[in-house]
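This report goes through one structure from its overall make-up to a few local details. Please read it with the sequence and the coordinates at hand.

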Amino acid sequence: MASVYKQVDNSKFWIARFRMPDGRWVARSTKQTDRGNALRLAHEWEGVAVSAGELTPAGAAVGRVTREIIERATRCKIESVSIGDFLRQWTARMAATKAPGTARRYGDVIEGFLAHVGPDIQRRSLAAANTALVQGFIDAESALGKGAHTVSLAGKILHAAFKAGLRAGHLESNPTATLELPDFKMQEREEFTPGELEALLEEGQESEWETAILLGAHCGCRLGDAVTMRWENVDLTAARLSYVPQKTSRGSRRKTLEVPLTPRLQEHLDALAGRDEAQKSELLTPGLAGQRIGGRSGLSLAFRALMRRAGVEGKTTARAKNSAARSFSTKSFHSLRHFFVSQLRRSGADLEATKAAAGHSSDAMSARYDHGTRERVQRNLTAAMDKIPGARKG
């Protein structure tokens, strides 16, 4: 039999406790401060739940009846939103506030989830979303052979989307709160050695790749930023590059990075600026700028091919047979950014200066890119241990 109680945290609202059609007891806030009104609402909810098995189609009928009951009891109109509509609206908001690549990744996960649940469930109220629904999608992604990191990221994106639904009052709880996600070990990129960088520059010589590689190694540009860099971002007189990274180009994280040009990069850009084709273009690498970054014919794989021609290889995690998971190489274009940060630190730049040049928001993030840390730690340890009494014989 339905009952009501109050939370121990002194919440002013009464909580209804009633039995669901499958026999489970559930608790839901009535948003009522009067016990009598709350108890009547609890009994009405239980009546709807008991008769739900007799309603066809159950989901739609129960949704209509429940909304009518709540609206009569509270005299408040309930705005209902479907799972499909809410998640696509959330994706649209992300597209307006996130960097294009991030927004695209969010959209792919949301559309993948909606395709998995199908059109009938998409039309259900967002309040009907439960853990089993989301867990089914996560399990299906794993079954396709996608990597643990990719699947976990999908879970985190869905968590953020449903959290927005919770804040908006469409959900009683976040259905992703108890998701079981696959364990994964974060795979780290490695930096290129100076010799490997020279091999890459030699292979890309006299092509737009030479410019992109120098921007990555000497300014820390990501691939997307390097291939879309404009001449207006370059001040050859002041020997400075100023640009807003695509990753942080929107919202409160938007920040213009100003990076001094190294003599080698300035010399390269001076020579490039004197060419007729460069004077006709707003972009430093117009041929690369129009191409996709990812995909089977994207720039990431094109750079991997350039690496192979230059004899530069990283450690590769092979793609499993019949698996949708991507292979992972410890060296890619992003390794140029690791090279940039590490060389800055090795050359004596302090952490604040390095963070400013790379656009890192935290010391921890900058430390992840600084591959010289272990070397400095070992040198410091060796020097310190050498001073321990008795460390040297005699």
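## Overall make-up

Of the 394 residues in this protein, 38% count as buried, and it should be kept in mind throughout that the model is predicted. The protein exposes about 22700 Å², of which carbon and sulfur atoms supply 51%.

The secondary structure comprises 17 helices and eight strands. Among the contacts in the protein with a separation of 6 or more, 59% are accounted for by residues 24 or more positions apart.

## The sheet of E1, E2 and E3

Three strands, in the order E1-E2-E3, form an open sheet with antiparallel pairing. Strand E1 (3-6) and strand E3 (25-29) stand at its edges, and because each has a single partner strand, one side of each is left without a neighbour in the sheet. Neighbouring strands of this sheet are turned against each other by 30° on average, direction ignored.

Strand E2 (residues 14-19) is joined to E3 by five bridges, and the two run antiparallel; within this arrangement, Ile15 stands opposite Ser29 in E3. As a general point, strands of a sheet pair through backbone hydrogen bonds, either parallel or antiparallel. A charge-ring arrangement involves Trp14, since the charged end of Arg35 sits over the ring of Trp14 at 5.7 Å from its centre.

## Strands E5 and E6

Strand E5 (residues 240-243) pairs with E6 in the antiparallel sense over four bridges, and the bridge partner of Leu241 in E6 is Val259. In a regular strand the side chains alternate between the two faces of the sheet. Strand E6 (residues 257-260) has a covered face, made up of Leu257 and Val259, and an uncovered one, made up of Glu258 and Pro260.

Glu258, on the uncovered face of E6, has its C-alpha atom 8.0 Å from that of Ala356, although the two residues are 98 residues apart in sequence. Ala356 is found in helix H15 (residues 351-358) and is partly exposed, with a relative accessible area of 41%.

## Aromatic pairs

Counting rings whose centres lie within 6.5 Å as paired, the total comes to seven aromatic pairs. One of these pairs is formed by Phe303 and Phe333, which meet edge-to-face at 5.2 Å centre to centre with 75° between the planes. Phe303 lies in helix H13 (residues 299-309), whereas Phe333 lies in the loop between strand E8 (328-329) and helix H14 (334-346), so the pair ties together parts that are 30 residues apart in sequence.

Both partners fall under the 20% cut-off for burial: Phe303 counts as buried at 1% relative accessibility, and Phe333 counts as buried at 4%. Ring pairs also link these residues into a cluster consisting of Phe192, Trp209, Phe303 and Phe333.

## Thr330 in the loop between E8 and H14

The loop that holds Phe333 is also the place of Thr330. Thr330 is buried, with a relative accessible area of 11%.

Which residues does Thr330 touch, not counting residues up to four places away in sequence? The contacts of Thr330 are with Glu188, Arg189, Glu190, Gly314, Lys315 and Ser335.

Note on methods. Residues numbered from 1 in each chain as written. Predicted model: local features only at pLDDT ≥ 70, side-chain atom pairs only at ≥ 80, totals over all residues. Heavy atoms only, no water. Phe/Tyr/Trp six-rings, centres within 6.5 Å; stacked < 30°, edge-to-face > 60°. Buried < 20%, exposed > 50% of the residue type's maximum accessible area, 1.4 Å probe, protein only. Lys NZ or Arg CZ within 6 Å of the ring centre and 35° of its normal. Contact = heavy atoms within 4.5 Å. Areas by Shrake-Rupley, 256 points an atom, 1.4 Å probe, with all protein chains shown as cover. Pairing = 2+ DSSP bridges. Axes fitted to C-alpha atoms, helices over the stretch in contact; angles between N-to-C directions.
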